[in-house]
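Thanks for asking me to look this one over. Here are my notes, point by point, to read alongside the structure.

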Amino acid sequence: MSSHDLLPVHTGTVIEDDSLTLEQLCHACGVHADWVISLVEESIIEPQGDEIHVWRFSGASLVRVRSALRLQRDLGVNLAGIALALDLMEELENLRTQLKVRGHD
């Protein structure tokens, strides 16, 4: 494997109050706008704004797009499968959080 085959890894903290334009989201995830639009059409992410040129995306959308990209790239999951997988992963995380809270009562 050469250095050209490696993808850059971006690290940092997602701040929920930040919002990204479509262009910024695409750049941060290394994807084309058409793919992000497909994610919106499948209700995988939900932008604020009625028209594409005014869409704003939350930090949670950034996380979901990166997760969707990994599911598609690494496992070959289609968009409908990505939507289901992300929803199930989110539900699992919510259940784990509830269990932790109940365990400390």
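1. Let's begin with the cysteines. Cysteine 29 is buried, because its relative accessibility is 10%, a value below the 20% limit used for that class. Cysteine 26 also counts as buried, at 8% relative accessibility. This is a predicted model, and it holds zero disulfides. For cysteine 26, the nearest cysteine sulfur belongs to cysteine 29 and is 7.7 Å away. Why is there no disulfide between them? The cut-off for sulfur atoms in a disulfide is 2.5 Å, and the sulfur of cysteine 26, the nearest one to cysteine 29, sits 7.7 Å away.

2. Next, how far the prediction trusts itself. The mean pLDDT of the protein is 87, and 82% of the residues reach 70 or more. By element, confidence is lowest in strand 1 (residues 19-20), with a mean of 92, and highest in helix 2 (residues 33-41), at 97.

3. The overall layout is easy to follow on screen. There are four helices and two strands, and from the N terminus on they run β-α-α-β-α-α. Of the contacts with a separation of 6 or more, 58% are between residues 24 or more positions apart.

4. Now for the inside of the protein. Buried residues make up 27% of the 105 residues. The largest nonpolar core has 23 residues, and Leu25, Val36, Ile45 and Phe57 have the most contacts inside it. Helix 1 (22-29), helix 2, helix 3 (59-75) and helix 4 (79-103) each give two or more residues to this core. As background, nonpolar side chains tend to be buried together in soluble globular proteins.

5. Isoleucine 45 deserves a click of its own. Which residues does isoleucine 45 contact, leaving aside its neighbours within four places in sequence? The list is Leu25, Val36, Leu39, Val40, Phe57, Ser61, Arg64 and Val65. Three of the names, Leu25, Val36 and Phe57, also appear with Ile45 among the core residues with the most contacts.

6. Arg64 leads on to the charged pairs. The structure holds three salt bridges. In one of them, the side chains of aspartate 87 and arginine 64 meet at 3.3 Å, N to O. Aspartate 87 is in helix 4 and arginine 64 in helix 3, so this pair ties together parts that are 23 residues apart in sequence. Glutamate 90 also forms a salt bridge with arginine 64, and here the closest N and O atoms are 3.0 Å apart. Because glutamate 90 lies in helix 4 and arginine 64 in helix 3, this pair ties together parts 26 residues apart in sequence. Arg64, Asp87 and Glu90 are thus linked in a network of salt bridges.

7. Is arginine 64 buried or exposed? Arginine 64 is buried, with a relative accessible area of 15%. Its partners fall in another class: aspartate 87 counts as partly exposed at 45%, and glutamate 90 is partly exposed at 42%.

8. There is one further pair to look at. Aspartate 74 and arginine 73 meet through their side chains in a salt bridge, 3.1 Å from N to O. Aspartate 74 counts as exposed, at 51% relative accessibility, while arginine 73 is partly exposed, with a relative accessible area of 45%.

9. Last, the surface as a whole. The accessible surface of the protein comes to about 7800 Å², and 53% of that belongs to carbon and sulfur atoms.

Note on methods:
Residues numbered from 1 in each chain as written. Predicted model: local features only at pLDDT ≥ 70, side-chain atom pairs only at ≥ 80, totals over all residues. Heavy atoms only, no water. pLDDT = per-residue confidence, 0-100. Core = buried A, V, L, I, M, F, W, Y, C linked by side-chain atoms within 4.5 Å. Buried < 20%, exposed > 50% of the residue type's maximum accessible area, 1.4 Å probe, protein only. Contact = heavy atoms within 4.5 Å. Areas by Shrake-Rupley, 256 points an atom, 1.4 Å probe, with all protein chains shown as cover. Salt bridge = Lys/Arg side-chain N within 4 Å of Asp/Glu carboxyl O.
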